[in-house]
Amino acid sequence: RVAVHITGAHRGKDADHTYQALPDLNLNGARNFAARAATMELDKLDFTGKTVLDLGCNLGAFCFYASAHGARRVVGVDLPFLATPMREVANWLGHWNIDIIGATLPQDEIATDVKTFDIVLALSVCNHIGGYAPWIADLCRDTLILEGHGGNAPEKYLDDLRRDFNQVTLVGYTTDAYARPVFVCRKAVQ
């Protein structure tokens, strides 16, 4: 293993840890990946052969999860200062099916040949992109996992999610950094 420090991986703060952990690179994270993944019920999703979009992917922990669980193609989007080193990390770790794109959302286009994704992850990103909006649903072919921000009640999201998805389920709260509501939203009722 190689110890690496990525300056700015916690939204501009230079610290001895990052927002997300990257165990393969000995990077500790402020967020508990395993607890978040369990709350989001990621183990119930079939990633095999799917296209996955991670909006606000940070260091790509959820991108790597999707890739390791059979996703055909994964696209992670975050600010350019994170995207450049993460693109190299994904390649270095052998995740050839992951593209990391630097963009400031929602104003920048997500430059990829995939226009809609089977699974979209929007994890603690809404406050950074102007809130939940229909363009997120437009990128999603089937399933959206939305993790809200700490202090935001589920009602902040419910009306908009129900407008854009046929099935919206509040599956719980991540609690490693404030209580954050987590929704699994589907376009097709299961």
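**Close-up A. Thr51 and its surroundings in the predicted model.** Leaving aside neighbours within four places in sequence, Thr51 is in contact with Arg72, Arg73, Thr116, Phe117, Asp118, Ile119 and Arg141. Please keep in mind, here and in every view below, that this is a predicted model. Thr51 belongs to strand β1, and its relative accessibility of 1% places Thr51 among the buried residues. One of the partners just named, Arg141, also meets Thr51 through a polar contact: the two side chains are joined at 3.4 Å.

**Close-up B. Helix α2 and what covers it.** How many of the eight residues of helix α2 are buried? The count is seven, so this helix, spanning residues 61-68, is mostly covered. The buried residues are Ala61, Phe62, Cys63, Phe64, Tyr65, Ala66 and Ser67. Their packing partners include two other helices, α1 (33-39) and α3 (80-92). Strands β1 (51-55), β2 (73-78), β3 (98-102) and β4 (117-123) also pack against the buried residues of α2. If you follow the chain just past α2, you meet Gly70, which has a positive phi of about 100 degrees.

**Close-up C. An aromatic cluster with Phe33, Phe47, Phe62 and Tyr65.** These four residues form one aromatic cluster, and the structure as a whole holds four aromatic pairs. In the pair of Phe33 and Phe62, the ring centres lie 4.7 Å apart and the planes meet at 50 degrees, so the pair is tilted. This pair links distant parts of the chain, with Phe33 in helix α1 and Phe62 in helix α2, 29 residues apart. Are the two residues buried or exposed? Phe33 is partly exposed, with a relative accessible area of 26%, whereas Phe62 is buried at 1% relative accessibility. Phe33 also pairs with Tyr65: here the centres are 5.9 Å apart and the planes stand at 50 degrees, so this pair is tilted as well. Because Phe33 lies in helix α1 and Tyr65 in helix α2, the pair ties together parts that are 32 residues apart in sequence. Tyr65 counts as buried, at 15% relative accessibility.

**Close-up D. Two separate nonpolar cores.** The largest nonpolar core has 31 residues, and those with the most contacts inside it are Leu22, Leu42, Phe47, Val52 and Ile145. At least two residues of this core come from each of α2, α3, β3, β4 and β7 (180-186). A second, separate core has 29 residues, among them Leu53, Leu144, Leu146 and Phe165. To explore the surroundings of Leu22, set aside residues up to four places away in sequence: Leu22 then touches Leu27, Leu59, Phe64, Met86 and Val89.

**Close-up E. Lys187 over the ring of Phe165.** Phe165, one of the residues of the second core, has a charged visitor. The charged end of Lys187 sits over the ring of Phe165, 5.7 Å from the ring centre.

**Close-up F. Cys140 and Cys185, two cysteines without a disulfide.** How far from the sulfur of Cys140 is the nearest cysteine sulfur? That sulfur belongs to Cys185 and is 8.3 Å away, and Cys140 is in no disulfide. Looking from the other side, Cys185 has the sulfur of Cys140 as its nearest cysteine sulfur, at 8.3 Å, and is in no disulfide either. A disulfide would need the two sulfur atoms within 2.5 Å, so this pair does not qualify. For the structure, the count comes to zero disulfides. Both residues are buried: Cys140 has a relative accessible area of 2%, and Cys185 has one of 0%.

**Close-up G. Backbone details in three loops.** In the loop between β1 and α2 you will find Asn58. Asn58 has a positive phi of about 55 degrees although it is not a glycine, and it is buried, with a relative accessible area of 3%. Ser124 sits in the loop between β4 and α4 (134-138). The phi of Ser124 is also positive in a residue other than glycine, near 50 degrees, and Ser124 is buried at 6% relative accessibility. What kind of peptide bond joins Leu105 and Pro106? The bond is cis, with omega about 5 degrees, and Pro106 lies in the loop between β3 and β4.

Note on methods
Residues numbered from 1 in each chain as written. Predicted model: local features only at pLDDT ≥ 70, side-chain atom pairs only at ≥ 80, totals over all residues. Heavy atoms only, no water. Buried < 20%, exposed > 50% of the residue type's maximum accessible area, 1.4 Å probe, protein only. Helix = DSSP H or I, 4+ residues; strand = E, 2+ residues; numbered from the N terminus. Contact = heavy atoms within 4.5 Å. Polar contact = N/O pair within 3.5 Å; in protein donor to acceptor, adjacent residues only side chain to side chain. Core = buried A, V, L, I, M, F, W, Y, C linked by side-chain atoms within 4.5 Å. Phe/Tyr/Trp six-rings, centres within 6.5 Å; stacked < 30°, edge-to-face > 60°. Lys NZ or Arg CZ within 6 Å of the ring centre and 35° of its normal.
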